[in-house]
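Reader: Please take one part of this model and go through it closely, with the numbers stated plainly. I would like a connected account that starts at one site and then follows the helices outward.

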Amino acid sequence: MPHSQRPALSGLLLATAGAIAFSGKAIIVKLSYLYGVDAVTVIMYRMLFALPFFIAMGLWAERQAIAREKPLTRRDVMDIVGLGFVGYYLSSYLDFLGLQYITASLERLILYLNPTLVVLLGWAVYKKPIHPIRMLAMAISYSGVLLVFSHELSLAGGHVALGSSLVLGSAVSYAVYLLYSGQLVQRIGSLRLVGWATSVACVCCIAQFVVLRPLSTAVVPVEVLWLGVLNAVACTVAPVLMVMMAIERIGAALTAQTGMIGPMSTIALGVLLLDEPLNIWIGAGTLLVVSGVFIVSKYGVK
């Protein structure tokens, strides 16, 4: 293989691995619920085990030349805290709550609407026009989610509506983070923002557990602890690093398009590990969602 092609290949492999690792989060959360723990406990252990890695990431970023040239201001710190709360803590907590009521497949499809939500928020907040082709693409994506949602609603009832609403709230929360983080990323760098914002979210999740649950509930089956470690390392820290490395090699656009493997891997893992159904409704809905997001990501006015 020519030397010039190696970064592109490694970038594609990193983007693919990162997308699959991210998608495994829902599977691990659902497996944890089988041991009788709740969302507050599961997310606490995930963030507790991830916190040292993100603090190390932030400290490493502060040692880089760009960080020494542009030290964090009080405004930067306030922005990081706000974005960490909205984009990582609130988004993660609503997602974990929603997974108590819906399948991992439907959860992943709803979260995958994120690029379309960013477009809608940009229109609502900044009055950015939406290109007609993007309107069509969003209609395709939302019809796919509605197809899977209506099918699960007919089988499981009102809990599906509650779970879907919580996960949609998670997607909107993360879209707000993406919308408002652009200028801060340019000012302080992506690694510093991710390291410190996720550290803020970790502290919020741990504090939430301390406030809402007696400390005795921290005693959980050892399987839950190991699942928490796996969730923190393999499905939180590792994919963040892999996606950042992929963006450096192949760019954000191609990395995002490669990430479309995420919903398919979630469905496959759900079928294999959770005995979730695989039927024509899920297949058609997934195809519609992925197709719409692909069009939003690739075409239309930015």
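Author: Helices here are DSSP runs of H or I with at least four residues, and they are numbered from the N terminus. The model is predicted. The site chosen is the second largest pocket, which has a volume of about 230 Å³.

Two helices, helix 4 (74–98) and helix 8 (158–188), each give at least two residues to the lining of the second largest pocket. Helix 8 has the largest share of that lining, with 6 residues. Named in sequence order, the lining consists of Arg75, Asp79, Leu83, Tyr126, Leu179, Tyr180, Gly182, Gln183, Leu184 and Arg187. Sorted by class, the lining of this pocket has 5 nonpolar residues, 2 polar ones and 3 charged ones. Tyr126 is one of the lining residues, and helix 6 covers residues 114–126.

After helix 6 comes a loop that leads to helix 7, and Lys127 is found in this loop. The phi angle of Lys127 is near 60°, a positive value in a residue other than glycine. As a rule, most residues other than glycine have a negative phi. Lys127 has a relative accessible area of 65% and is therefore exposed, since the exposed class begins over 50%.

Helix 7 (residues 132–156) holds Ser141. The relative accessible area of Ser141 is 0%, so this serine is buried. Leaving out residues up to four places away in sequence, Ser141 touches Leu113, Thr116, Leu288, Val289, Gly292 and Val293.

Back at helix 8, the next partner to consider is helix 5. A helix pair is described by the angle between the two axes and the distance between them. The axes of helix 5 and helix 8 cross at roughly 35° and come within 9 Å. The crossing of helix 5 past helix 8 is right-handed. On the side of helix 5 the contact is made by Leu106, Glu107, Ile110 and Leu111, and on the side of helix 8 by Val160, Ser164, Val167, Leu168, Ser170 and Ala171. This contact between helix 5 and helix 8 has 7 nonpolar, 2 polar and 1 charged residues.

How much of helix 5 is covered? Of its 8 residues, 8 are buried. They are Ala104, Ser105, Leu106, Glu107, Arg108, Leu109, Ile110 and Leu111.

Glu107 of helix 5 (residues 104–111) deserves a separate look. Because its relative accessible area is 0%, Glu107 counts as buried; the cut-off for that class is under 20%. Not counting residues up to four places away in sequence, Glu107 touches Lys25, Ala26, Asp95, Leu99, Ile102 and Val167. Val167 of helix 8 also appears in the contact of helix 5 with helix 8.

Two of the residues touched by Glu107, Lys25 and Ala26, fall in the residue range of helix 1, 6–33. Ala19 is found in helix 1 too. With 10% relative accessibility, Ala19 is buried. Outside its neighbours within four places in sequence, Ala19 is in contact with Thr258, Gly259, Ile261, Gly262 and Ser265. Gly259 lies 240 residues away from Ala19 along the chain, yet their C-alpha atoms are separated by 5.0 Å.

Another helix pair can be set beside the one between helix 5 and helix 8. Helix 2 (residues 39–62) packs with helix 10 (residues 222–250) at an angle of about 35°, and their axes are 7 Å apart. Helix 2 passes helix 10 in a crossing that is right-handed. Helix 2 makes the contact with residues including Tyr45, Arg46, Phe49 and Met57, and helix 10 with residues including Leu225, Val229, Ala232 and Leu241. By class, 14 residues of this contact between helix 2 and helix 10 are nonpolar, 3 are polar and 1 is charged.

Helix 10 also holds Trp226. Its relative accessibility is 59%, so Trp226 counts as exposed. Trp226 and Arg46 are 180 residues apart in sequence, with 9.9 Å between their C-alpha atoms.

Val229 belongs to helix 10 as well. Is Val229 buried or partly exposed? It is partly exposed, because its relative accessible area is 27%. Beyond its neighbours within four places in sequence, Val229 is in contact with Phe49 and Ala234. Phe49 belongs to the helix 2 side of the contact with helix 10.

Definitions and conventions:
Residues numbered from 1 in each chain as written. Predicted model: local features only at pLDDT ≥ 70, side-chain atom pairs only at ≥ 80, totals over all residues. Heavy atoms only, no water. 1 Å grid on protein atoms, 1.4 Å probe; cavity = no way out; pocket = protein on both sides within 12 Å on 5 of 7 lines; lining within 4 Å. Points joined across faces, edges and corners; volume = space filled by probe spheres on them. Nonpolar A, V, L, I, M, F, W, Y, C, P; charged D, E, K, R; others polar. Axes fitted to C-alpha atoms, helices over the stretch in contact; angles between N-to-C directions. Left-handed = near helix turned anticlockwise from the far one by under 90°. Contact = heavy atoms within 4.5 Å. Buried < 20%, exposed > 50% of the residue type's maximum accessible area, 1.4 Å probe, protein only.
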